[in-house]
Amino acid sequence: TCITFDDGLKSQLNSLKDLNKYSIKAFFFINTEFIGSKKVSPEAIRFFIYNYCKGIKKFYKIFIHNCNFDFQKILKNNKKKINFYKSKYKFYNMEDIKFRVIRNKISQKKYFSIMKKIMKIKNFKYNKLKFELYFSKKDLIKIDKDGHLIGLHTHSHPGDFSILNLKDQKKELSLNIKYLKKILKDKKRVFKSFSYPGGNYSKETLKLLKNSSIKIAFTNSTQLVSNSILEIPRINHKYLLRFL
């Protein structure tokens with residue numbers, strides 16, 4: 001049994017005191033693009049959805065109202081993906097699923113353009129939060145010095161890593177490694193663990209990892225899908241909270 005954290009979120013620092021108190025070493029899987037960045041990040045968007053739009057249902061109505069493309073066609077052509085999300089992520093409601101499918105099928109440029117437009121409509125001042133949502137470089141160095149395991153989570157955290165071609169998947173991993181080495185000031189560091197962003201990966205991803213330094217990789221599935229050490233299942237905290 002092990003404890004894992006994805007994305008490198010500032011809120012995860014709250015767990016450090018208890019982890020260190022009981023000498024528990026956890027995996028921290030870091031995406032590096034948003035550390036000290038001025039860009040609109042996935043976590044900023046999540047904060048915006050739940051604090052300025054009062055949840056995913058209301059946000060989804062605003063989102064599709066501001067889509068300047070045929071989003072219905074995307075949903076119609078991706079029924080299998082919608083059913084996949086419904087069966088795999090039971091804590092997602094339909095609005096959440098539809099939003100994720102649409103988001104992952106349009107370009108990053110178009111997606112962030114829509115989000116910036118909506119944020120402006122809602123008078124959301126992202127600049128005030130940009131350094132409060134993700135680990136700083138100092139936070140990451142401290143976690144590393146405390147003996148926790150720093151793992152890869154791609155550089156930019158693509159919406160659907162599985163649809164990227166092999167070249168772009170390699171680029172995501174190489175940039176992730178490059179920036180982590182730079183932050184940790186350890187050019188010789190070898191990263192051996194990986195968490196698939198959003199739980200999305202392909203057969204090409206598995207081949208890529210098998211030919212890399214990665215020895216263990218975690219999915220977002222609660223069930224064992226294979227005996228591969230590169231497809232370790234995890235229980236999301238949203239499930240665990242139901243029993244507390």
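Start by selecting Asp186, which is partly exposed in this predicted model, with a relative accessible area of 24%. Add Arg189, also partly exposed at 21%. The two form a salt bridge, their closest N and O atoms lying 3.0 Å apart. Now bring in Asp144: salt bridges with shared partners join Asp144, Asp186 and Arg189 into one network.

Next, pick Lys10 and Asp139, another salt bridge, with 2.6 Å between the closest N and O atoms. This pair links distant parts of the chain, 129 residues apart: Lys10 sits in the loop between strand E1 (4-6) and helix H1 (16-21), while Asp139 belongs to helix H8 (residues 137-145). Lys10 is partly exposed at 27% relative accessible area, whereas Asp139, at 15%, counts as buried.

For a local pairing, go to helix H2 and select Glu43 and Arg46, whose side chains meet in a salt bridge (2.1 Å, N to O). They are three residues apart, or about one helical turn. Glu43 is buried at 15% relative accessibility; Arg46 is partly exposed at 36%. The model has nine salt bridges by this rule.

Last stop: helix H7, residues 108-121. Its 14 residues should span 20 Å at 1.5 Å a residue, and the end C-alpha atoms are indeed 20 Å apart. Colour Tyr111, Phe112, Ile114, Met115, Ile118 and Met119, which are buried. Look down the axis: the buried residues of H7 fall within an arc of 155°, so they line one face of the helix. Helices H2 (42-51), H3 (56-65) and H6 (94-105) are among the elements covering them. Turn to the face pointing away from the buried side to find the exposed Lys109, Lys116, Lys120 and Ile121. Finish just after H7 at Asn123, which has a positive phi of about 55°.

Notes:
Residues numbered from 1 in each chain as written. Predicted model: local features only at pLDDT ≥ 70, side-chain atom pairs only at ≥ 80, totals over all residues. Heavy atoms only, no water. Helix = DSSP H or I, 4+ residues; strand = E, 2+ residues; numbered from the N terminus. Expected span 1.5 Å × (residues − 1). Buried < 20%, exposed > 50% of the residue type's maximum accessible area, 1.4 Å probe, protein only. Arc of directions from axis to C-beta. Contact = heavy atoms within 4.5 Å. Salt bridge = Lys/Arg side-chain N within 4 Å of Asp/Glu carboxyl O.
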